[in-house]
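Grab a pencil and work through these short exercises on a predicted model. Try each task before you read its solution.

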Amino acid sequence: MKTLDLVQSDDSALPFSSSVIAVAMSLYYQLSKTVRNHAAVSAVKYLSGNLNVIYIIQWLLISYMIAIFSVIGIPNLSVPMIIPTACMILLASAGICELYLRIKKNRKKKQSA
């Protein structure tokens, strides 16, 4: 059985990804010490508060994207495209999560009224 490789990787992929994550985490740490009421802090609080829903939505989006890309024949992602693609999936997941939570909240209001 042939496996589906969606990400082209080589020996430099792991150090590159790890260094980007390490830089992002250290920047966030430094910013969170100096800036208290900022949009980035609110975004991180929102994402961490809805982590389970966003995580499920992300994996659903990823699995559907894999299926669609393999059917259409879109080539594999290159290593530099992983981070922008992950950001787009995160934004889409957060948007879908917000929509889901609003629909859920409106249904509860209708049922209690």
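**Exercise 1: the greasy surface**

Which residues form a nonpolar patch on the surface, and how much accessible area do they have together?

*Solution.* Start with the members: Tyr-55, Ile-56, Trp-59, Leu-60, Tyr-64, Ile-68, Val-71, Ile-72 and Ile-74 make up the patch. Together they offer about 1000 Å² of accessible area (Shrake-Rupley, 1.4 Å probe, with only the protein chains shown as cover). To join such a patch, a Val, Leu, Ile, Met, Phe, Trp or Tyr needs over 30% relative accessible area, no salt bridge, and a nonpolar side chain within 5 Å. Now zoom in on Val-71, which sits in helix 3 and counts as exposed because its relative accessibility is 72% (exposed is over 50%, buried under 20%, partly exposed in between; 1.4 Å probe, protein chains only).

A quick word on the ground rules: residues are numbered from 1 along each chain as its sequence is written, and side-chain values use heavy atoms, without hydrogens or water. As the model is predicted, local features need pLDDT of at least 70 and side-chain atom pairs 80 or more, while totals for chains, interfaces and linings use all residues.

**Exercise 2: the fold**

How many helices and strands does the protein have, and what share of its residues is buried?

*Solution.* Count elements first: there are four helices and zero strands (DSSP runs numbered from the N terminus: H or I of at least four residues, E of at least two). Reading from the N terminus, you get α-α-α-α. Then take burial: 12% of the 113 residues are buried.

**Exercise 3: the salt bridge**

Which side chains meet in a salt bridge, and where do they lie?

*Solution.* The structure holds one salt bridge (Lys or Arg side-chain nitrogen within 4 Å of an Asp or Glu carboxyl oxygen). Its partners are Arg-102 and Glu-98, at 2.9 Å from N to O. Next, place them: both are in helix 4, four residues apart, or about one turn of the helix. Finally, check exposure: Arg-102 counts as exposed because it has 54% relative accessibility, while Glu-98, at 28%, is partly exposed.

**Exercise 4: a spot in helix 4**

Is Ala-86 buried, partly exposed or exposed, and how far is its C-alpha atom from that of Ile-62?

*Solution.* Locate Ala-86 in helix 4. Its relative accessibility is 43%, so Ala-86 counts as partly exposed. For the distance, the C-alpha atoms of Ala-86 and Ile-62 are 9.4 Å apart, with the two residues 24 apart along the chain.

Methods:
Patch = residues over 30% accessible without salt bridge, like charges linked within 9 Å, V, L, I, M, F, W, Y side chains within 5 Å.
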